[in-house]
Structure formats: structure tokens, C-alpha cells
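Trainee: I am new to this structure and would like a close look at a single part of it. Could you take me through one residue with care, and then set it beside another part of the chain?

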Amino acid sequence: MSSSESKPVDREATADATREVAEETSKPEGAEQEESSSDEATPGVADATTTAGEAKKKKKKSKKRKLKDALAGKSNTQAEGSSAQEGKKTLSRDQLETLMAVNPALKGDFSKLNESQVEEMMKKLSVSDILTGLTVGSKNQKDMASYKFWQTQPVPSFEDKSPQEDGPIKVIDIERVSKQPPPMVEGFEWVTMNLEDEKELAEVYDLLSNHYVEDDEAMFRFNYSSSFLNWALKAPGWRKEWHVGVRTTQSRKLVAFISGIPVTLRVRNQKINTSEINFLCIHKKLRSKRLAPTLIKEITRRCYLEGTFQAIYTAGVILPTPISTCRYFHRSLDWEKLYDVGFSPLPHGSTKQRQILKYKLPTTTATHGLRPMQKKDVAQVQDLLVRYLARTDMSQEFSQEEVEHWLLHTDDSPNDQVVWSYVVEDPASNKVTDFFSFYSLESTVIRDRANRVVKAAYLYYYATETAFEGEDKKLKARLNALMKDALILAKKANFDVLNALTLLDNPLFLEEQKFGAGDGQLHYYLYNYRTAPVAGGIDGKNQASDKHMGGVGVVML
């Protein structure tokens with residue numbers, strides 16, 4: 001339920017971008033909120049309410065509020081209750097820079113225009129269009145249509161206030177769900193992919209390898225391996241019917257794909273049977289056919305027929321409406337290679353040698369009792385993980401079978417390893433006290449003549465008994481020790497970088513372990529379910545913050 005351009009192939013940023021308006025859609029509970037009138041809802045920005053703030057008659061406008069007013073047609077000097085100047089959107093230089101950070105697509109359009117042309121362009125855009133990353137250029141007409149599609153779906157709108165109680169947005173009558181797929185564009189037809197067939201699995205691999213997610217500058221593209229797809233798409237309880245493809249009628253070539261896997265999701269105190277939607281990919285030459293909404297409708301229909309009425313999905317763009325937002329961080333393991341391929345910059349005033357020394361790691365791990373996870377550890381790891389994730393607002397409920405699938409690598413195919421998991425065992429009691437894991441997802445360097453790839457490890461699930469001792473300092477120290485060892489082991493496995501989001505307890509170790517902030521964010525969405533926003537580990541300035549942890553406990557591939 002996300003577009004083929006949804007998840008960013010992130011890069012290390014040279015400087016932190018200001019994304020204040022985007023973050024308003026996922027402001028965590030307890031964060032400072034600006035005063036908002038209940039009868040003045042601005043599309044594209046979630047409503048905020050105040051308690052003590054309501055007693056104040058006047059309050060200085062924040063950058064976000066000024067930007068919202070300017071986009072709505074109010075000048076910065078107008079009183080909040082006065083009428084707006086018809087059709088006029090006036091932005092200061094600072095506001096334009098903020099807008100560029102929220103919507104990079106606009107930056108390219110505006111850079112080619114003079115001041116009067118920018119003003120004319122702004123008149124053609126609605127506030128919702130701008131704040132959701134849409135423009136009027138031909139490149140984004142598809143995106144604008146996509147946004148209109150989401151307005152027809154059972155997802156929260158930007159104008160919705162936080163719900164009084166969690167629950168479905170729409171009650172689905174399974175008897176009224178169509179038994180037939182929606183009509184397909186002439187010349188194409190629906191297929192159910194059989195991923196048990198090596199040939200069909202290879203077709204999905206080829207489609208994703210050549211047409212899936214790229215970064216904004218088309219420098220990097222995810223390179224999912226067949227082993228990765230087997231791991232990601234055949235989770236316990238997987239259904240063949242949730243592997244949906246589109247073929248050309250004549251050549252039988254696979255040109256589009258979308259998938260789902262069953263997940264038991266806990267959102268605060270409620271457990272929901274959901275589908276985790278992923279890998280929506282459409283052949284580049286067919287992007288104008290508007291196949292994405294049709295694919296989403298079809299996977300939704302198939303989920304409904306199985307009695308699954310909710311879903312979780314992620315996107316790198318803002319859609320209606322994120323439940324949370326996390327930021328990408330990167331820890332260089334081979335800085336020189338990352339610099340050569342354009343992933344990491346050379347900071348001003350530094351040198352290559354300084355950067356190489358900065359990211360140098362010890363050759364041996366330091367945690368006593370650390371070893372690779374074995375099958376005998378599954379039950380203990382599952383118990384520890386479930387208790388650890390229960391501290392968050394939103395997490396997957398893992399069974400032992402799921403822990404074995406997602407975390408345990410078997411030696412049957414050492415050259416196709418996807419996940420690396422390690423446990424810490426107390427030698428006296430044989431109890432597993434800690435574990436951590438990371439998985440492999442390469443990115444192709446698109447314009448590289450040597451056809452190099454960035455070997456990226458992604459931090460996956462981890463847990464420690466120290467979390468239950470009630471001392472924040474001890475938890476921070478323990479996680480830093482574990483993550484330093486994780487970096488050493490990832491380096492030994494020949495990875496170039498370890499990537500992490502600001503979910504779980506990651507803000508406790510990102511800075512100390514020399515993770516650098518990336519230029520991408522990942523927004524979390526729930527389909528047909530309404531709940532209050534969940535903290536994503538970042539503050540109002542888009543910085544990793546241990547004061548905004550405890551929300552997202554779901555690591556999606």
C-alpha cells in the first residue's frame with residue numbers, strides 16, 4: 001500500500017534538513033504543541049490541541065504556523081481571524097527553504113523560475129498538495145492522482161483529530177467483497193505469483209532489481225536478492241494469493257508486483273490481525289498507466305477475503321496520514337568506499353584519512369558470552385523479544401515460529417545469508433540475557449562503471465534484560481556495548497555501512513556509536529485503523545531524541 005518510490009534509498013546527509021511541517025503530521029504525545037482553533041483546520045497538518053495554551057489570547061506564531069498561513073493565502077501580518085487575500089500565497093525566503101525541505105520536488109521546479117513565476121505556480125497549488133509533496137509539474141501529476149486515490153481509502157485524513165479510542169475506520173462486510181479482481185488495463189492481466197517456482201521468483205527478482213526504489217538523484221537502487229525475497233515473502237502463515245502480479249497479455253512479461261504477509265500487530269493495548277504490505281513495483285515504462293491504485297485495490301480485496309481488514313505499510317513520502325515518522329541514520333564501516341560511490345560526503349575541514357580513522361573499529365568484540373544465535377536459543381529469544389517490545393506503543397507479536405524464521409540463519413546456504421543474529425549467554429545459568437541482529441540489503445550504484453554495490457546492513461531487532469532493571473543509564477551503557485560489537489561483526493562480514501532508524505531504543509546509542517543523520521525519513525501508516533500518533537524517536541527539530549522513544553517497535557524491511 002505504498003508506491004514503488006516509497007522507501008528512500010537513503011544517503012548520509014551533509015547537514016540536517018529542516019522538516020518541521022512534515023513532522024507536524026506525526027507529533028508524538030507529550031511534545032510541545034502550538035495553539036490551534038478547533039474551527040480552523042488546515043489540510044495537510046494534523047490538528048493540535050492545548051490545555052494551558054488555550055488560556056493565552058495571544059501567542060507568537062511558530063515557523064510552521066506562519067508557513068501554513070502563507071500557504072493558505074494569509075500575509076504574515078494578518079490577524080489570525082481575518083480574511084485571507086484571495087488566491088495569494090506569500091512566502092518569505094526562510095519559509096521557502098522550509099517548504100523545500102518538506103517537499104524536495106518543489107525545489108527543482110522553483111529553481112528554474114523567477115519570483116513572479118513562483119508566485120503564479122503557488123496559486124495553482126492547494127495547501128494539502130504542497131504539504132504532501134505534490135507539485136503541478138508533469139513529473140508529479142501521477143503523484144497528485146495518487147493523493148486523490150488515498151482520499152477514497154479508509155485512512156485518517158489530515159484534518160482528523162486524535163481519536164477518542166482506537167479502532168477500525170470502516171467495518172468490512174466480507175459478503176459484499178467482490179470475488180473478482182478489478183478490471184485491468186487492456187493488454188495486461190492479473191496473475192498470482194508462485195514463489196515456490198524458482199523461475200517465477202527470478203521474475204520478481206528481475207522486476208525489483210531494475211525498477212524498484214531509487215534515491216531522488218537516481219544514484220542508488222535497492223538490490224533485493226532471491227534469498228532475501230524468499231525470506232521476506234515466505235514468513236510463517238504466508239499466502240500465495242497475497243503475491244500479486246501483472247503480466248502483459250502477449251509477451252507474458254511480469255511488469256508489476258505487490259505483496260502482503262500476515263502479521264499480528266499490537267497497537268497499544270489492542271492486538272490486530274494485519275497484512276504487512278510491501279514491494280509495490282511497476283515497470284518504469286508503465287508508470288503512466290496508473291497501475292498502483294489498481295494493485296492496491298487488488299491486494300486489499302484479497303486481504304479482505306481472508307478476513308484481514310487492516311494493514312501496516314511504510315513510505316518515504318507523506319500520504320494521509322502517518323501514524324509515526326522515523327529518521328534514517330548511517331554508521332560507516334568502509335568510509336572510503338562510501339565516499340567513492342557518492343554515498344557519504346567529505347565534511348568541510350576534514351580529510352579522507354581523518355574520516356577513515358574516525359570510523360575505525362576494534363578487531364574483536366568485548367561482550368562476554370557473545371556468540372551466533374542457534375536453534376536452541378529460539379524459545380529464550382522469543383520470550384526476551386516479546387517482553388522487550390511490550391515497552392513500545394506499536395510492535396509485532398512474535399511467535400516462536402516467527403522468531404526462528406526472521407532471526408535464525410541456517411548453515412545450509414552460507415553464501416546466501418540474509419540475517420545475522422547473536423545472543424549473549426550467561427555461562428553460569430545458560431540464560432540468554434541479550435541478543436541483536438541485522439540483515440543484508442545491497443544497493444546498486446546505478447552510474448558506476450565498475451558495477452559496484454553498497455553492501456548495507458540494516459539494524460534489525462534486539463533486546464536486553466537490562467531494560468527491565470529500571471535504570472536508564474545502565475540500559476544506555478548496555479546498548480552501546482552491544483551495538484559496538486554489532487558494528488564490529490558487521491564489519492567482519494564485509495558490510496560497508498550499518499543503517500538504523502530512530503525506532504526502538506536506537507536514540508540511546510546513535511550518537512556515541514558515530515551514526516550520521518541521513519537525508520531520508522520513513523513514515524509508518526495503518527490502513528483502516530485509527531489511533532493517536534506514535535513517537536518515532538525524533539524531536540521537533542528532526543533530531544534523534546531519547547525523550548521521544550517508546551513508540552515504534554516495528555522494523556519493516
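**A residue in a loop, and a pair of helices**

Mentor: Asn-542 is found in the loop that runs between strand 16 (516–527) and strand 17 (552–553), and you should keep in mind throughout that this is a predicted model. Asn-542 has a relative accessible area of 0%, and because buried means under 20%, this residue counts as buried. The side chain of Asn-542 also has a partner, since it makes a polar contact, at 2.8 Å, with the side chain of Gln-521.

For the other part, turn to helix 13 (residues 378–389) and helix 14 (residues 400–407), whose axes come within 9 Å and cross at roughly 100°. Angles of 65 to 115 degrees count as roughly perpendicular, and the two helices, helix 13 and helix 14, are therefore roughly perpendicular to each other. On the helix 13 side the residues that take part are Val-378, Ala-379, Val-381, Gln-382 and Leu-385, and they meet Gln-400, Val-403, Glu-404 and Leu-407 of helix 14. Sorted by class, this contact of helix 13 with helix 14 is made up of six nonpolar residues, two polar and one charged.

A word on confidence belongs with this picture: the pLDDT averages 81 over the chain, and 72% of the residues score at least 70. Over residues 1–6, however, the pLDDT is below 50, although this stretch has 25 contacts in the model beyond near neighbours in sequence. Residues 15–61 likewise have a pLDDT below 50, and that stretch has 106 contacts beyond near neighbours in sequence in the model.

Notes
Residues numbered from 1 in each chain as written. Predicted model: local features only at pLDDT ≥ 70, side-chain atom pairs only at ≥ 80, totals over all residues. Heavy atoms only, no water. Axes fitted to C-alpha atoms, helices over the stretch in contact; angles between N-to-C directions. Helix = DSSP H or I, 4+ residues; strand = E, 2+ residues; numbered from the N terminus. Parallel < 35°, antiparallel > 145°, perpendicular 65-115°, else oblique. Contact = heavy atoms within 4.5 Å. Nonpolar A, V, L, I, M, F, W, Y, C, P; charged D, E, K, R; others polar. pLDDT = per-residue confidence, 0-100. Buried < 20%, exposed > 50% of the residue type's maximum accessible area, 1.4 Å probe, protein only. Polar contact = N/O pair within 3.5 Å; in protein donor to acceptor, adjacent residues only side chain to side chain.
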